[in-house]
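Reader: I'd like a close look at one part of this model, please. Pick a helix and walk me through it, then show me what surrounds it.

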Amino acid sequence: MLRSRQVLLAVAGGLTVGVLLILEQLSSRRAHALAPLAFVGLMFVAYSCTAVQLQRVAVTASVRLSVVGGALLQLAALRVSPLNGDDYLRYAWDGRVQAAGIDPYRYPPGAPQLVGLRDAWLFPDGVTPRLNHPTERTIYPPVAQAWFWLMHVLTGGHGQGRGLQVGAAFVAVATSAAIVVVLRRVGGDPRRVAWWAWCPTVVIETGGNGHVDVLASLLVVIALGLLARRHWAGAGVVLGLAVATKLLPALLAVTVPPRRAVRVGAAALAAVVLVYLPHVLVLGTGVTGFLGGYLGEESHQQFDLLKPVLPEIAVRPVGCVLLAVTALLVWRQTAVEDDAGLPPQPWTHGATMVGISFILLEPPYPWYALLLVPLVALGARPVWLVVAAAMYLVYAAAPLGDAYFGTRVLGYGVAAAVVAVDALHRRRRAAPADAGPSGDHGGQDAGDSTRPKTSRSYKPTG
C-alpha cells in the first residue's frame, strides 16, 4: 500500500510539472511577463518533490516512471516553437550552409556569397536576418556542426526549428537511458535518473528550445561512466567529443586523477584535433569564429558576487584565483581517492567544479545547466540544482537594465548561500566519522545511495 501511494504521488507530481510546463509556454508568449518565471519556479518545486518520491519507489517501477514520464514531458514541450533565445536559428543556418557544401566557419550569415541560401524564414525581407550576430562567423564547435547538418538532412531542409526540438528531445531521452546504464554498471542507484528526466531545465531547454547542449550532456554521461569504470582512453575520447560539442565540459578535466591525466588528456586532445582538423586545413585559425568576441561580450558580466565587497581592480584577479583554487582542491581530492583505491566519483567532483564556476562566472543562460543536471543524476548532491534554478531568474531579468546587476547578485547569491549551508551541515554531520578515510569521500552522505556498491571492502589507512 505504501509503495502504491508513493507511485501515485510521483505520478501526481509529474502531471503537476506537465501542467506547469504548458502554463509556462502559454505565458511566455506575452511580452515582459513575469508569469513564466513563476511557473518555472513552481516546476522546480514540484519536480524536486517528485524526484524525492521516485527514490522511494521500487527500482524497476521508478526507472520506468522516470524515463517514460520524462519522454512525455518532452512531448509536451514540443507543443510550441522555441521561446527562450534564438540559438536554434543559427543551428538551422549552419546546417543549411554545410548541406550546400560550404564550411560553416568560412562566412558570416550576412556574406554576399551566401545570398542564395536565404529564405523568408531566416531572412524575412531578404536582407535582414533573424539570426544573432549576423556579421560574425559561427562559434559552435565541429561536433555541434555535425549535429546541425544531420538535423538539416533528416528534415530535408524544411521545418528545421521543429526538427531541432525533436532531435534534442530524442537525445534527452537517450541521456536518461545512458544514465540508467551507467548507474547500473557502477553499482549506483538507477532511480536517480529522475533528477535528469523530469528536470525543468532538461524539459524546457531540449524539447522546448532545442539547445545542442543536450548532445554534450549525453557525451558527458558516457565519458564519466567510462571514467568510473577506469576505461581511461575511451573516457578521454568521449570527453574530447563533448568539448568539441560545447566547450563547457572542459571543466570536467579536474575529475581525472592526476596519475591518469596524461592518458585521458592525450585521448581527449586527439579527439578534438581530429574533428577540427578538416576545418583547420581549409581555414586555419579561422575555425575559432566568433569565440573571441563572445568571450569579450561575457567578460564584463562575471564575478558580480565579488563586486560589492572588493575594489573593482581586484574583482577579476580574485575571481580567477578562486576558480584556480577550486580546480586544484577538486583535483587533489581525486588524487587522494585514486591513491586509496576508492571507486572514482567523477560526477561528484564535476558538480563541485561546474557549480562553483557557474556561481562565480554567473552565466545568464539556463541551458548551460544541462552540464550540471546529469552530474546530479549520476550521484552528485541535488542541492546543486539550485544553481540551475537561479539561472532562470537571471535570464528573465536580462531586459531590466540597471536592475540586472542586482538580480544576478540576488540569484547567484542565494544559490551560493544554499550550497554553503548544505556543505556546512554535511560537515557537521560527518565530523564524528572523520577519524579515518572511510568517511564521506566525495562529499556524499551514506544515505544518498549514490556510491557504487562493490564487493570490495575499504579499510581506513590512517
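Author: Right after helix 9 comes Arg230, a residue with a positive phi, near 65°. Keep in mind that this is a predicted model. Helix 9 itself covers residues 213–228, and at 1.5 Å a residue its 16 residues should span 22 Å; the end C-alpha atoms are 22 Å apart, so the two agree. Of those 16 residues, 14 are buried, so the rest of the structure largely encloses helix 9.

Where do the buried nonpolar side chains go? The largest nonpolar core has 104 residues, and Tyr47, Trp196, Leu375, Trp384 and Val387 have the most contacts inside it. Helix 9 gives this core its largest share, ten residues. Take Trp196: beyond its neighbours within four places in sequence, its contacts include Val214 and Ser217, along with Ala172, Ile179, Val202 and Leu370. There's also a second, separate core of five residues, with Phe303, Leu306, Val315 and Leu323 among them.

Now for another pair of helices. Helix 6 (residues 160–185) packs against helix 8 (residues 200–208) at about 140°, with the axes 7 Å apart. That angle makes helix 6 oblique to helix 8. On the helix 6 side, the contact is made by Gln165, Ala168, Ala169 and Ala172, and on the helix 8 side by Val202, Thr206, Gly207 and Gly208. Sort the residues of this contact and you get four nonpolar, four polar and no charged.

Helix 6 passes the length check too: 26 residues at 1.5 Å each should span 38 Å, and its end C-alpha atoms are 37 Å apart, which agrees. After helix 6 comes Gly187, with a positive phi near 80°.

Methods:
Residues numbered from 1 in each chain as written. Predicted model: local features only at pLDDT ≥ 70, side-chain atom pairs only at ≥ 80, totals over all residues. Heavy atoms only, no water. Helix = DSSP H or I, 4+ residues; strand = E, 2+ residues; numbered from the N terminus. Expected span 1.5 Å × (residues − 1). Buried < 20%, exposed > 50% of the residue type's maximum accessible area, 1.4 Å probe, protein only. Axes fitted to C-alpha atoms, helices over the stretch in contact; angles between N-to-C directions. Parallel < 35°, antiparallel > 145°, perpendicular 65-115°, else oblique. Contact = heavy atoms within 4.5 Å. Nonpolar A, V, L, I, M, F, W, Y, C, P; charged D, E, K, R; others polar. Core = buried A, V, L, I, M, F, W, Y, C linked by side-chain atoms within 4.5 Å.
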